[in-house]
Amino acid sequence: MPKLYYQGHGSFRLTADDGRVVYVDPYAGDGYDVPADVILVTHQHHDHNQVKLCAQKPGCRIITNAEALMGGSHNSFDIGGILIQAVEAANQNHNPAECVGFIITLDGVKLYASGDTSKTGQMETFAALGLDYALLCGDGVYNMSPAEAAECARLIGAKRNILIHLKPGDPFREIAEQWDAPNKLMVEPKQEIEL
């Protein structure tokens, strides 16, 4: 089974059954010593784009928001069977022309990485995708609050919902436990789960 290691903030690492590694929004925590096959960056704020933290295999593919939005559309990528689809991400602090989320399919598991966003119109189409996991930001300052993230979780309809990207210093466990989202799964920083 593929694995997810939540590094903290908006940062996490996916490991496929064959050992290939995908990092999303490197910034927080540890665990960047496992060499990457793919690195995804949802936008260029400093707390999402620290690619230099990641050990990289030769030929590592780095897909940033710029490549994901090249040509003015949300692009998709197939990297040796790891499927990546850029999707909308936007709010008053994040320009939709400069930010994306990603839907990642790895070993048959379909996961939504929201990046920094509030509710978007495209989320209404996600239920039809049959997502296995949705990782939703919830700091309530630059992004949606936990309450809006719960509303998005209901709209998206993933089998499991994980709250990430809380304000530094906030009591992570307390907020995640009280999060009023369906099918929630609490994954704490520095915790790894099988998907």
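The following dialogue examines how several descriptions of this predicted model are justified.

Trainee: Why is N161 called buried?

Mentor: Buried means under 20% relative accessible area. N161 has a relative accessible area of 0%, so the residue is classed as buried. N161 belongs to strand β11, residues 160-164.

Trainee: What makes the approach of the N161 side chain to the backbone oxygen of P182 a polar contact?

Mentor: A polar contact requires a pair of N or O atoms within 3.5 Å, one able to donate a hydrogen and the other to accept it. The side chain of N161 reaches the backbone oxygen of P182 at 2.8 Å, and the pair therefore meets the distance limit. Leaving aside neighbours within four places in sequence, N161 is also in contact with other residues, including A134, L136, W179 and L185.

Trainee: How do you know that β2 and β3 pair?

Mentor: At least two bridges between two strands are needed for pairing. Strand β2 (residues 11-15) and strand β3 (residues 21-24) are joined over four bridges in the antiparallel sense, so the criterion is satisfied. F12, for instance, has V24 in β3 as its bridge partner.

Trainee: What makes β5 and β12 edge strands?

Mentor: The open, mixed sheet of six strands runs in the order β5-β4-β3-β2-β1-β12. Strands β5 (56-63) and β12 (191-194) each pair on one side only. From one strand to the next, the twist averages 20°.

Trainee: Which residues lie nearest the centre of the largest cavity?

Mentor: They are G10, D25, S114, G115 and I164, among 13 lining residues. This cavity has a volume of about 60 Å³.

Technical notes. Residues numbered from 1 in each chain as written. Predicted model: local features only at pLDDT ≥ 70, side-chain atom pairs only at ≥ 80, totals over all residues. Heavy atoms only, no water. Helix = DSSP H or I, 4+ residues; strand = E, 2+ residues; numbered from the N terminus. Axes fitted to C-alpha atoms, helices over the stretch in contact; angles between N-to-C directions. Buried < 20%, exposed > 50% of the residue type's maximum accessible area, 1.4 Å probe, protein only. Contact = heavy atoms within 4.5 Å. 1 Å grid on protein atoms, 1.4 Å probe; cavity = no way out; pocket = protein on both sides within 12 Å on 5 of 7 lines; lining within 4 Å. Points joined across faces, edges and corners; volume = space filled by probe spheres on them.
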